[in-house]
Amino acid sequence: RWLLVQVEPGSCDAACEERAWLLRQIRAAQNRHVPDIGLLMVTAVAPEATVVERVRALDPTFRILGGPAADGLRQTFPGAADGGFYIVDPEGNIMERFGLEADPTGIRKDLRRLLTWTVRD
């Protein structure tokens, strides 16, 4: 599966939740490829249970990891200290990184191109 990853430099506040909604919209816009795309949020601070519930209400497949347990994973993403969005291919390669203030249309278009050109066995 491809992954759309949202890395937050701190805790998940209202702006973080809005970005999660945008990530869900980017995934939903991929039409027939939706089952091929997972959603992952990685935060520097462990999210509160209410935040996890609200994000999962957006999309129940959203996986959320945070705090010290996710530090190792966070460090694998370049620029994680500043946060960002990442497109990760099924092999675990980071294909692209976008800043947290990136235009979601650009992320959607780039993901569409990557999915279109992926060879399936």
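Where in this structure does Tyr86 lie? It lies in strand β4, which covers residues 84-88. Hi everyone, let's start from there and walk outwards. One thing to keep in mind as we go: this is a predicted model.

So, Tyr86. Is Tyr86 buried or exposed? It's buried, with a relative accessible area of 1%, and the cut-off for calling a residue buried is under 20%. What does Tyr86 touch, then, if we leave aside its neighbours within four places in sequence? There's quite a list: Leu3, Leu4, Val5 and Val7, then Phe77, Pro78, Gly79 and Ala80, and then Ile94, Glu96 and Arg97. Going from C-alpha to C-alpha, Tyr86 and Leu39 are 10 Å apart in space, with their positions 47 residues apart in sequence.

Pick Phe77 out of that contact list for a second. How many aromatic pairs does a search of the whole structure find? It finds 1. That pair is Phe77 with Tyr86, and it is tilted, with 4.7 Å centre to centre and 50 degrees between the planes. In case those two numbers look odd, a pair of aromatic rings is described by the distance of the centres and the angle of the planes. And Phe77 is buried, just as Tyr86 is.

Now follow another of those contacts, Arg97. Arg97 sits in strand β5, residues 94-98. At a relative accessible area of 37%, Arg97 is partly exposed. Setting aside residues up to four places away in sequence, Arg97 touches Pro78 and Gly79, and also Asp82, Gly83, Gly84, Phe85 and Tyr86. As for Val34, it is 63 residues from Arg97 in sequence and 20 Å from it in space, C-alpha to C-alpha.

Met95 is in strand β5 too. Met95 also counts as partly exposed, at 38% relative accessibility. Beyond its neighbours within four places in sequence, Met95 is in contact with Trp2, Ile87, Asp89 and Leu114. Met95 and Leu111 are 16 residues apart in sequence, and their C-alpha atoms are 9.5 Å apart in space.

Okay, over to the helices. At what angle do α1 and α2 pack? Helix α1, residues 14-28, and helix α2, residues 49-58, pack at about 20 degrees, and their axes are 9 Å apart. Angles under 35 degrees count as roughly parallel, so that's how α1 and α2 are described. The crossing of α1 past α2 is right-handed. Which residues meet there? From α1 we have Glu17, Ala20, Trp21 and Arg24, and from α2 we have Val51, Arg54, Val55 and Leu58. By type, the residues of that contact split into 5 nonpolar and 3 charged, with no polar ones.

While we're on α1, have a look at Arg19, which lies in that helix. Is Arg19 buried or exposed? Arg19 is buried, with a relative accessible area of 13%. Not counting residues up to four places away in sequence, Arg19 touches Gln6, Glu8, Asp13, Phe85, Leu100 and Glu101.

Last stop: Asn31. You'll find it in the loop between α1 and β2, where β2 is residues 37-43. Asn31 is exposed, at a relative accessible area of 55%. What about its phi? Phi of Asn31 is near 50 degrees, a positive value in a residue other than glycine.

That's the tour, thanks for listening!

Definitions and conventions
Residues are numbered from 1 along each chain as its sequence is written. This is a predicted model: local features need pLDDT of at least 70, side-chain atom pairs count only at pLDDT 80 or more; totals for chains, interfaces and linings use all residues. Side-chain values use heavy atoms; hydrogens and water are left out. Axes are lines fitted to C-alpha atoms, for helices over the stretch in contact, and angles run from 0 to 180 degrees between N-to-C directions. Helices (H or I, at least four residues) and strands (E, at least two) are DSSP runs, numbered from the N terminus. Angles under 35 degrees count as roughly parallel, over 145 as roughly antiparallel, 65 to 115 as roughly perpendicular and the rest as oblique. A crossing is left-handed if the near helix is turned anticlockwise from the far one by less than a right angle, and right-handed if clockwise. Contact means heavy atoms within 4.5 Å. Ala, Val, Leu, Ile, Met, Phe, Trp, Tyr, Cys and Pro count as nonpolar, Asp, Glu, Lys and Arg as charged, and the others, Gly among them, as polar. Rings of Phe, Tyr and Trp (its six-membered ring) pair if their centres lie within 6.5 Å; planes under 30 degrees apart count as stacked, over 60 as edge-to-face and the rest as tilted. Buried means under 20% relative accessible area, exposed over 50%, partly exposed in between (1.4 Å probe, protein chains only).
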